[in-house]
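Q: Hey, can you walk me through this protein model? I'm new to this, so plain words please.

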Amino acid sequence: MSSNCGNDGDGGERQKHDPIEMGKLLCPKDLSAPAATDTTATSTSHQLSKVTLPERGSWSSKLDFILSVVGLAIGLGNVWRFPYLCYKNGGGAFILPYILTLFLAGIPMFFMELALGQMLTIGGLGVFKIAPIFKGIGYAAAVMSCWMNVYYIVILAWAVFYFFMSMRADVPWRTCNNWWNTVSCVSQYERQNLNCWDKMINGTAGKVCSVAAVNISTTELTDPVKEFWERRALQISSGIDDLGNIRWELAGTLLLVWILCYFCIWKGVKWTGKVVYFTALFPYVLLTVLLIRGITLPGALEGIKFYIIPNFSKLTHSEVWIDAVTQIFFSYGLGLGTLVALGSYNKFTNNVYKDALIVCTVNSSTSMFAGFVIFSVIGFMAHEQQRPIAEVAASGPGLAFLVYPSAVLQLPGSQIWSCLFFFMLLLIGLDSQFCTMEGFITAIIDEWPQLLRKRKEIFIAIVCMLSYLVGLTCITQGGMYIFQILDSYAVSGFCLLWLIFFECVSISWCYGVDRFYDGIKDMIGYYPTVWWKFCWCVTTPAICLGVFFFNIVQWTPIKYLDYSYPWWAHAFGWFTALSSMLYIPAYMFWLWKRTPGDLCDKIRSIVRIDEDITRLREKMQHEAYAKEVEFNS
């Protein structure tokens with residue numbers, strides 16, 4: 001089965017030819033549609049000139065677009081996951097699978113999504129007029145975006161809570177003298193001063209220490225940073241079946257972040273393009289300040305060595321390659337329709353190829369830069385606590401809300417460095433949040449423009465309010481357990497791989513990669529290198545499919561620390577995952593059944609359409625005009 005995945009694009013003018021197409025293999029008759037006559041084209045242009053379609057908006061400048069895409073792509077994963085994956089997977093050796101995956105799948109899909117949006121000037125649902133049977137991908141991406149919007153912003157609510165708690169004479173997680181602390185609480189920096197001795201505990205040699213006249217096993221000791229996180233910030237319950245009360249302080253910070261998110265996108269991309277000048281650029285200032293402070297600390301060099309020195313034996317482990325794939329797909333914002341939406345606000349002739357390469361370079365460079373910031377602090381923390389770096393290093397919430405707060409305790413002006421760090425987390429996460437929201441809003445409004453475009457501000461407010469109400473479940477006392485379920489199922493790696501596989505196949509194999517390349521040439525004036533064509537047809541789908549099945553085969557029930565979830569929690573998790581994934585096959589089945597005609601007719605109308613990009617754009621404009629006339633009549 002071929003779909004124009006040939007080697008005819010070489011960076012210059014591609015020689016025109018008539019390749020064997022998928023439709024021709026199944027239907028021997030000629031599938032090519034007759035070219036539109038001059039009379040038809042003139043009539044369509046005349047009709048379109050009579051109507052003023054609702055204003056979509058566009059970027060005020062090229063820099064607005066680039067910074068918005070940078071803000072989307074550079075999120076919390078660059079700061080708290082990439083450095084940890086480097087350490088976990090062989091230090092500098094992890095760069096090899098990371099770069100290979102980047103060029104074989106990450107950059108190709110990033111380029112494809114931006115180009116697709118710019119090419120058709122429409123959001124994540126409308127673009128699948130290019131291959132109608134795959135429109136379920138757009139719906140799946142919209143559902144996954146909803147789950148992402150609900151859970152991702154909770155992290156920002158935690159960050160804002162820590163930011164406000166740091167604005168005092170001293171950070172509240174320094175001592176064990178607070179109402180939320182237990183008798184087992186001892187700071188990591190004070191444990192060497194405890195009176196401890198060896199003792200047999202349940203037949204096993206152990207160590208017992210005297211804490212406030214109470215003998216406690218060292219395995220039962222906690223520290224004030226962990227107790228502040230679990231007993232003050234989260235006030236975590238015993239399990240998911242005990243959600244407890246809403247944490248009203250976190251409800252307030254969550255509401256604050258949603259209000260910020262709303263006012264970042266409520267006026268459309270012209271306003272959003274100005275907001276990102278601050279939210280996308282200022283985190284680099286903060287990262288630089290934190291790096292300068294970090295490398296001046298004792299032990300920082302050891303931490304950086306631990307981060308970059310390669311351990312090539314790790315490359316024989318399959319987990320290393322899986323981590324590289326999932327990290328790139330998540331950190332680049334692929335598969336959610338957001339890049340399609342951001343690209344759709346560009347001018348048709350914008351050089352999206354160059355923009356994609358610039359943003360990808362900035363994204364990966366930022367991940368590596370953040371690694372130096374984080375591991376300089378981790379090295380200092382390990383030095384102060386006299387513990388191995390491997391015991392200190394962590395990822396995700398553990399890094400942001402346990403490791404870094406513990407490290408600032410040893411810095412002069414702890415509260416200042418704490419405020420800077422959590423303010424940086426807020427900015428890094430905020431633009432990823434509101435750009436993902438923009439992708440969802442754009443997809444829905446472009447699908448029903450006559451109904452929603454004039455009421456965009458109200459529609460955005462309703463979406464934000466509903467998302468906030470659903471998100472309250474994640475800030476109850478048992479909210480962390482729900483958060484982990486959403487993280488591990490609803491927006492998991494296998495959901496994302498499923499979407500990206502079908503998205504890539506729909507363009508490269510069904511619509512045809514040669515016709516897609518022709519559309520890119522119409523936009524930028526030349527054909528990109530043949531490498532991207534090879535990736536779209538072969539390597540990207542193969543990587544997505546391979547890693548997807550590996551994740552399914554290797555799947556194990558998730559845990560939160562030592563807590564095992566009940567069966568119904570896993571069932572709910574799979575429901576959230578399938579709520580997006582099943583849209584793709586379900587929509588295919590539904591559209592195939594309702595489309596009239598024989599096999600060949602169905603392939604021509606919903607699998608491999610006849611129109612090239614120019615005629616497809618004209619057809620979409622004509623349909624938009626017809627909807628406007630119908631709406632106004």
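A: Sure, we'll go through some helices, then a sheet, then one residue. Keep in mind that this is a predicted model.

Q: Let's start with helix H6. How many residues does H6 have, and how far does it reach?

A: Helix H6 covers residues 95-120, which is 26 residues. From its first C-alpha to its last it reaches 35 Å, close to the 38 Å expected at 1.5 Å a residue.

Q: Where does H6 bend?

A: The bend is at leucine 102, and it is about 50°.

Q: And is H6 mostly covered or mostly exposed?

A: Mostly covered: 20 of the 26 residues in H6 are buried.

Q: What follows H6?

A: Threonine 121 does, and its phi is positive, near 50°.

Q: OK, another helix. What about H21, how long is the reach there?

A: Helix H21 takes in residues 479-490, so 12 residues, and spans 15 Å between its first and last C-alpha, close to the 16 Å expected at 1.5 Å a residue.

Q: How many residues of H21 are buried?

A: 11 of the 12 are buried, so H21 is largely enclosed by the rest of the structure. Among the buried ones are Met480, Tyr481, Phe483, Leu486 and Tyr489.

Q: Switching to pairs of helices. How do people describe two packed helices?

A: With the angle between their axes and the distance between the axes.

Q: So what are those values for H8 and H17?

A: Helix H8 (residues 224-233) packs on helix H17 (residues 397-408) at about 140°, and their axes are 9 Å apart. That angle makes H8 oblique to H17. As for handedness, the crossing of H8 and H17 is right-handed.

Q: And H7 with H22, at what angle do they pack?

A: Helix H7 (residues 136-166) and helix H22 (residues 493-524) pack at about 155°, with 10 Å between their axes. Angles over 145 degrees count as roughly antiparallel, so that's the word for H7 and H22. H7 passes H22 in a left-handed crossing.

Q: Now the strands. What order do they come in within the sheet?

A: The order is E1-E2-E3, in an open sheet of 3 strands with antiparallel pairing. The edge strands are E1 (195-201) and E3, since each pairs on one side only. From one strand to the next, the twist averages 35°.

Q: How many bridges join E2 to E3?

A: There are 4 bridges between E2 (residues 204-211) and E3 (residues 214-217), and the two strands run antiparallel. Valine 211, for example, has valine 214 in E3 as its bridge partner.

Q: What's between E2 and E3?

A: 2 residues, and the two strands form a hairpin. In the turn, alanine 212 has a positive phi of about 50°.

Q: Last one: phenylalanine 422. Which helix is it in?

A: Phenylalanine 422 sits in helix H18 (residues 414-447).

Q: Is phenylalanine 422 buried or exposed?

A: Buried: its relative accessible area is 1%, and the cut-off for buried is under 20%.

Q: How far is its C-alpha from that of serine 166?

A: The C-alpha atoms of phenylalanine 422 and serine 166 are separated by 9.2 Å, although the two residues are 256 residues apart along the chain.

How values were computed
Residues are numbered from 1 along each chain as its sequence is written. This is a predicted model: local features need pLDDT of at least 70, side-chain atom pairs count only at pLDDT 80 or more; totals for chains, interfaces and linings use all residues. Side-chain values use heavy atoms; hydrogens and water are left out. The bend at a residue is the angle between axes fitted to the seven residues ending there and the seven starting there. Buried means under 20% relative accessible area, exposed over 50%, partly exposed in between (1.4 Å probe, protein chains only). Two strands pair if DSSP finds at least two bridges between them. Axes are lines fitted to C-alpha atoms, for helices over the stretch in contact, and angles run from 0 to 180 degrees between N-to-C directions. Angles under 35 degrees count as roughly parallel, over 145 as roughly antiparallel, 65 to 115 as roughly perpendicular and the rest as oblique. A crossing is left-handed if the near helix is turned anticlockwise from the far one by less than a right angle, and right-handed if clockwise.
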